[in-house]
Amino acid sequence: MKIGVIDYGMGNLFSVEQALVRLGCEVVVTADEKALNKADALLLPGVGAFPDAMKRLAETKLDGYLQRVKADNRPLLGICLGMQLLFEESEEVTATKGLGFFKGSIKRFAGVNDGQAYRVPHMGWNELIMTNRPTWLTVLPPAKHVYFVHSFYATDIDDTELVAYADYHGIRVPGIVTTGSVTGMQFHPEKSGELGVFLLQQWLKGVASC
């Protein structure tokens, strides 16, 4: 299976590339649309600020390309900031429109909930609580925890698009979302131990069965 990792200049590409290779994938890391069109599925990584990422996608014309990917119902996985870019908008740094594949807004953790202070960023291992099972998740996960590192999270989402969330000091933090052929994971599956690798593997099996 060939996976196209979208290189728009804002992602930790090596770790996710190596994870895919270990799972038996042929990986191409590129911003070239013709090369990406030859892939069986696409992965949108992301590290950094939302406005900078959307600017880079626009500069490389990959924002329009991703809209066509969704319209063509091609498998797409967004990871960390890559997931956040799939939502309608973000308040990070300055109000910025996203790709709009998922309903909802990206907002910063307030640092206080019900009068109790908590740490920002949200960093560490958290249990994933499953709410819906997507078509690519055919068996139950063998573990429960994944590793998060982020200061912004998706809010006002469509509950029908939520697959799993983490409870962080009483805040429901979307961990996995899906709509049609598009999936987002807020955590880094390649850095999330047994469960992270399992989820990435299950997503790949789902792609293979399409």
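In which sense do strand 5 and strand 7 pair, and over how many bridges? In this predicted model, the two strands run in the parallel sense, and three bridges link them. Strands here are DSSP runs of E with at least two residues, while helices are runs of H or I with at least four residues, both numbered from the N terminus; two strands count as paired if DSSP finds at least two bridges between them. One partnership involves phenylalanine 87, whose bridge partner in strand 7 is phenylalanine 102. Zooming out, strands 5 and 7 belong to an open sheet of four strands, ordered 6-5-7-13 with mixed pairing. Strand 6 and strand 13 form its edges, each pairing on one side only.

A quick word on the ground rules. Residue numbers start from 1 along each chain as its sequence is written. Because the model is predicted, local features need pLDDT of at least 70 and side-chain atom pairs count only at pLDDT 80 or more, whereas totals for chains, interfaces and linings use all residues; side-chain values use heavy atoms, with hydrogens and water left out.

Helix 3 covers residues 50–59, and its buried residues (under 20% relative accessible area; exposed is over 50%, partly exposed in between, with a 1.4 Å probe and protein chains only) are Phe50, Pro51, Ala53, Met54 and Leu57. They sit on the same side of the helix because they cover an arc of only 160° around the axis, taken from the directions from the helix axis to the C-beta atoms. These residues pack (heavy atoms within 4.5 Å) against several elements, including strand 3, helix 4, strand 5 and strand 7. After helix 3 comes lysine 61, with a positive phi near 65°.

Further along the chain, strand 15 (residues 171–179) has seven of its nine residues buried, so it is largely enclosed by the rest of the structure. Strand 15 runs antiparallel to strand 14, with six bridges joining them; aspartate 167 has arginine 172 as its bridge partner in strand 15. The hairpin of these two strands has two residues between them, and histidine 169 takes a positive phi near 55° there. On to strand 16: four bridges join it to strand 15, again in antiparallel fashion, and valine 177 stands opposite glycine 184. That hairpin too has two residues between the strands, with glycine 180 at a positive phi near 60°.

Finally, aspartate 158 lies in the loop between strand 13 and strand 14. Aspartate 158 counts as partly exposed because its relative accessibility is 28%.
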